[in-house]
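Me: I have a new structure to look at and no idea where to start. Can you walk me through some of it?

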Amino acid sequence: MAPSAGHLRPGRYLAFFALIVVALYALVFFTGGGKPTPKLGIDLQGGTRVTLTARTPDGSQPTRESLNQARQILETRVNGIGVSGAEVVLDGNNIVITVPGEQGDQAKNLARTAKLGIRQVITSVPNTPGAPPAAPPSGAPSAPPSQPAGGGGAEGAPAQQPPSTTPSAPASGSGDAGKNPIEQAREVRQAPALMPKDPKNQQEAAAAQAAQQKALAALNCAPNAHDPLEGNDLPDKPLVTCGDKGANKYVLGPEFIPGTEISNANSGYDQTRGQWIVDLSFNGAGGKTWGDFTSANIGKQAAFVLDTNVVSAPTVQNAILGGNTQITGKFTQTDAKNLADILKYGSLPLSFDSSDATTVSATLGYASLQAGLIAGAIGLAVVFVYCLFYYRLLGILTIWSLVLSGLLVYAVLVLLGRWIGYTLDLAGVAGLIIAIGITADSFVIYFERLKDEIREGRTFRSAVPRGWTRARRTILASDAVSFLAAAILYIIAVGDVQGFAFTLGMSTVLDLVVVYLVTHPLVAMVSTSKSKFLSNPRHLGLGAVQKLGAARKSTRPAPGRRANVKEA
C-alpha cells in the first residue's frame, strides 16, 4: 500500500533543498575571489582559440608525459602574455589554447617548438634562385652577411625571426618514396660528410665541399615553403638551413650550446644602435662554453638557430665572458618580445602543427550570448504558457520548479568554472535550452500519472502518493537514458560537442534533484492543504478527469455484489 501524502513530510525535503542552494551560493559569493558569473567561452565573450596537433619525428603517438610537459610550458608562455582568463588544456593528442579578449593574436606564436641551439657557421652563401651555390673551402668561415658592429661582444646584422620562411624538403628519388620526410631531409642536410673528419686532408675537404654544395643546391628557402626538419634537426650533426628571412643559406657545425643552458632572456631597445635586441643569460656551464668559444673564434660567426632556422648569426668581436650576450637583428618590438618569451619559458618536447585557429571579436561574442539568452527565454516562455494553460495551479508549481532548477544550474556553472576551469560556450547554452524540455518532461510524466489515478476514481489527495510511486520509475528511466546519451557523446566527441554533452548531462542530474526535493513535496503540500481554492480540482487542471473518475466510480459494483447482467 502506498504511503499517504501526509507521511512525506514535504517541509523537510524543501528545507534540505534550500540548504543546498544556500551552501552553493555561499561558495559562489564568498569563496574563490572571482566574479559570481559563469566562465564564458570565446564564442560568447570574444577571443582566440588555437588548437595544436602534436607530431613526433618518427610519426608515432606522443606520450602522455611529453604532452603534459608541453602543456605546462605553453601554460607558462600564455601566462607570460599577462592576459587573465587564458587557459591551456589537453584534448586527446591536441593542446587547446584559449585566450579571451583582444590579445589572442600572441597565442598563435606560442606554439613554436623553440628548439634553440648555438652552432658555428662553417659557410654561408646568398640565396640566389637559379644560381649554383659557390661555397668556400670547407671549414673556412665565410664573410658575414653584413658588416659587424663595433664594440665588445658578438654582434652583427642577423636575421629577424622568420615565421614564414622555412626550407622545404630536398627532392628525393623514387627509392626514398617510403621514407619519413624528416629522415629524407636529414640524409641530405645533416649528412656527416658535410664536415671533414680531418680538415687538413684535402680529399676529405673536397668531399665535404661537394656535399655542402649539393645540400645548398637542394635547399629551398622560398617564403612559405614547408620544412619537415623544422624543430627536428639533430644537435650532434652539422646542419644546412636558411636564415636572414631566406636571403642566405648556411652550413653550420654541430650544436655546442643547447637552448636549455639559457637561464633568462629579455627584450629591450638599444639606444646606441637604434634597434630592438634580446639579452641572454647563460647558466654556469653555458657561460663557460660561450666564453671558451668566443675566445677561440674571434672574427668567426656563431649562429643562433631557432627551430632549424638561423635567427641571428653575429660575428665574434672579442671574448665574451661572464655568461651574458645579445641577439641582435632587424627585430620589431613584438618580434623581440616573442623571441625572448620563447627562449625564457623553455623548449617544447614536441613539435606542433596549428590545426585550427579561431578568433571571435568581442562584439560577435556578445551577439552570440544575447542570441542564446533570447532563445532560452523563448523556450522558457513557451513552457510556462503551456503549463499554465494545461495544468493551471500545477503549472505554477512547474514554473517555480524550473526557476529553482535554473538557480541551481547557475551556481554549479559558476563553481565548475572556478574549480575545473569549465567554460560555457554556445554549444553548452544549447544543451541548457534542451535541458529545459527534459526537466519539464519530468513534470508532465508526474502530472499525467496523477490524472491516471484520478480517472480510476481516487481523490487528488490519495492519487499523489500512488501517482508519484509509479511516475518516479518512468522519470528515473527517462533521465537515465538522457544522461547515458550525454555521457557517451561527451566521451567520443571533441571540442564544442563536449560542451553540449556536459551541460545536457549536468542538467539531467539536477533535474532529478529538483523533482525529488521540490516538485513532489510541493504537490504533496497542495494535496493536503485545507484551502478550498488549492484543493479545487478545476483550479489544478484536474476537473475533467475527476468527473470522469467519479462517473466510473458510480458505475462500479459495490464490494461483495455482482453487477446485474441482463440475459439476451
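Reply: What follows goes through a sheet, some aromatic rings, a helix and a few loop residues. This is a predicted model, in which local features need pLDDT of at least 70 and side-chain atom pairs count only at pLDDT 80 or more, while totals for chains, interfaces and linings use all residues. Residues are numbered from 1 along each chain as its sequence is written, and side-chain values use heavy atoms, with hydrogens and water left out.

Me: OK, the sheet. In what order do the strands of the open sheet come?

Reply: The order is 8-9-13, three strands with antiparallel pairing. Strands (E, at least two residues) and helices (H or I, at least four) are DSSP runs, numbered from the N terminus. Two strands pair if DSSP finds at least two bridges between them.

Me: Which strands stand at the edges?

Reply: Strand 8 (262–270) and strand 13 (324–331) do; each has a single partner strand, so one side of each lacks a neighbour in the sheet. On average, neighbouring strands here are turned by 25 degrees against each other, direction ignored.

Me: How many bridges pair strand 8 and strand 9?

Reply: Eight, with strand 9 covering residues 275–282. One partnership is that of Tyr 269 with Trp 276 in strand 9.

Me: What packs on the sheet?

Reply: Helix 6 (residues 284–296), which touches strand 9 and strand 13 (contact means heavy atoms within 4.5 Å). The direction of helix 6 makes about 115 degrees with that of strand 9. For such angles, axes are lines fitted to C-alpha atoms, for helices over the stretch in contact, and the values run from 0 to 180 degrees between N-to-C directions.

Me: Switching to rings. How many aromatic pairs does the structure hold?

Reply: It holds 15. Rings of Phe, Tyr and Trp (its six-membered ring) pair if their centres lie within 6.5 Å; planes under 30 degrees apart count as stacked, over 60 as edge-to-face and the rest as tilted.

Me: Why is the pair of Trp 290 and Phe 304 called tilted?

Reply: Their planes are at 55 degrees, with the centres 5.9 Å apart, so the pair is tilted. Trp 290 lies in helix 6 and Phe 304 in strand 10 (residues 302–306), so the pair ties together parts that are 14 residues apart in sequence.

Me: Is Trp 290 buried or exposed?

Reply: Trp 290 is buried, at 0% relative accessibility. Phe 304 is buried as well, with a relative accessible area of 0%. Buried means under 20%, exposed over 50%, and partly exposed in between (1.4 Å probe, protein chains only).

Me: What about helix 9, how many residues has that?

Reply: Helix 9 (residues 393–419) has 27 residues and spans 39 Å from its first C-alpha to its last, close to the 39 Å expected at 1.5 Å a residue. That expected span is 1.5 Å times one less than the number of residues. Of the 27 residues, 19 are buried, so helix 9 is largely enclosed by the rest of the structure.

Me: And where is Arg 392 found?

Reply: Arg 392 is in the loop between helix 8 (362–391) and helix 9. Although not a glycine, Arg 392 has a positive phi of about 55 degrees. Just after helix 9, Gly 421 takes a positive phi of about 75 degrees.

Me: Last one: which strands form a hairpin?

Reply: Strand 2 and strand 3, with two residues between them. In the turn, Gly 92 has a positive phi of about 70 degrees.
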